[in-house]
Amino acid sequence: MAEREIDAGVTYATRLFRAPGTAADIAFPIVNVQANPAKPPGRGGVVLPAEGGRWMVTLAGTRGGEPTGDPEAFTDFALALDDPVIGELIKGAEPLTGVVTSRSTANRRRYYEKSAHWPDGFTVLGDAVAGYNPVYGHGITVAAQSALAVRDTLRAAGITAPGTARRLQRATARPVGAAWDLAVGQDAFYPGAADTPPTLLERLLARFVDRAVATGARNPRALRALLDVMSLDRPATRLFSADMLVPMLLGPKRPPLPGPPLTDTERASVTSGP
């Protein structure tokens with residue numbers, strides 16, 4: 001059975017903070033600084049407002065730029081990102097926990113659907129087929145989509161019919177492949193991610209996704225198409241819809257944002273008293 005692993009070498013460091021100022025009293029947005037494969041080591045982070053007036057803050061870095069478990073270095077790492085917004089938001093916040101790190105971030109896929117022989121009455125789903133870098137949040141979604149593929153296949157053929165197990169395995173490979181292409185299209189470009197360089201298809205896909213991201217940053221309709229695909233809500237063909245292709249071909253109508261799109265109210269809430 002064929003297997004493949006793409007490991008961008010990402011280390012994650014997570015810490016809980018009390019939401020600073022009065023930020024817990026408003027609908028404070030998720031703040032994300034995305035790592036850039038074109039500028040290794042890739043570093044990024046996210047602020048995720050959570051229940052109980054807390055913020056979950058996760059920082060990430062690839063080989064040569066990893067965050068550590070040192071609490072004293074956490075905010076400094078955030079301030080050193082390409083945009084220091086996360087560090088600026090948490091530098092006055094009260095930490096509620098220590099720093100927890102994780103390095104289990106490889107993308108791994110087993111191509112069961114390509115096996116020459118497959119036993120009847122046996123199907124493999126979920127993480128046993130593929131696991132993804134958790135930054136993409138695709139694992140549970142793919143497992144659910146695979147379960148739906150099993151349901152639809154069994155509606156068309158009896159569970160005991162010869163060859164049903166093979167049809168099930170091939171059907172469940174489709175949502176797995178869609179999420180895999182999205183994840184690998186980014187992670188394969190970090191140094192040391194794989195024993196072999198990205199394939200031509202992966203390079204072309206990465207270039208197109210980069211163009212889609214740049215277009216989405218300046219066009220709301222294109223952004224919606226991009227998020228539909230990245231969240232696995234719609235198939236990748238959504239990126240070839242008019243919502244994406246028209247603004248991509250015509251070029252941006254808006255200049256890039258000069259900085260993170262936080263409102264004055266959101267920024268003020270971080271430093272205001274309770």
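**Notebook: aromatic pairs and strands**

I looked up two rings first: F28 is buried, and W55 is buried as well. The model I am reading is a predicted one.

Next I checked the rings of W118 and F122. Their centres are 5.8 Å apart and their planes stand at 45°, so I entered this pair as tilted.

I then asked how many aromatic pairs there are by this rule. The count is five. One of them is F28 with W55, a tilted pair with 5.0 Å from centre to centre and 40° between the planes. F28 sits in the loop between β2 (11-18) and β3, while W55 belongs to strand β5, so the pair ties together parts that are 27 residues apart in sequence.

Back to W118 and F122: is each buried or partly exposed? W118 has 16% relative accessibility, so I list W118 as buried. F122 has 43%, so F122 goes down as partly exposed. I also noted that Y112, W118 and F122 form one aromatic cluster.

I turned to the strands. Strand β3 (residues 31-33) runs antiparallel to strand β4 (residues 43-50), and three bridges join them. I looked for the bridge partner of V33 in β4 and found G45.

On to β5 (residues 54-61): eight bridges join this strand to β4, and the two run antiparallel. In β5, L48 has M56 as its bridge partner.

Last, I looked at the hairpin of β4 and β5. Three residues lie between the strands, and G52 takes a positive phi near 75° there.

Conventions
Residues are numbered from 1 along each chain as its sequence is written. This is a predicted model: local features need pLDDT of at least 70, side-chain atom pairs count only at pLDDT 80 or more; totals for chains, interfaces and linings use all residues. Side-chain values use heavy atoms; hydrogens and water are left out. Two strands pair if DSSP finds at least two bridges between them. Helices (H or I, at least four residues) and strands (E, at least two) are DSSP runs, numbered from the N terminus. Rings of Phe, Tyr and Trp (its six-membered ring) pair if their centres lie within 6.5 Å; planes under 30 degrees apart count as stacked, over 60 as edge-to-face and the rest as tilted. Buried means under 20% relative accessible area, exposed over 50%, partly exposed in between (1.4 Å probe, protein chains only).
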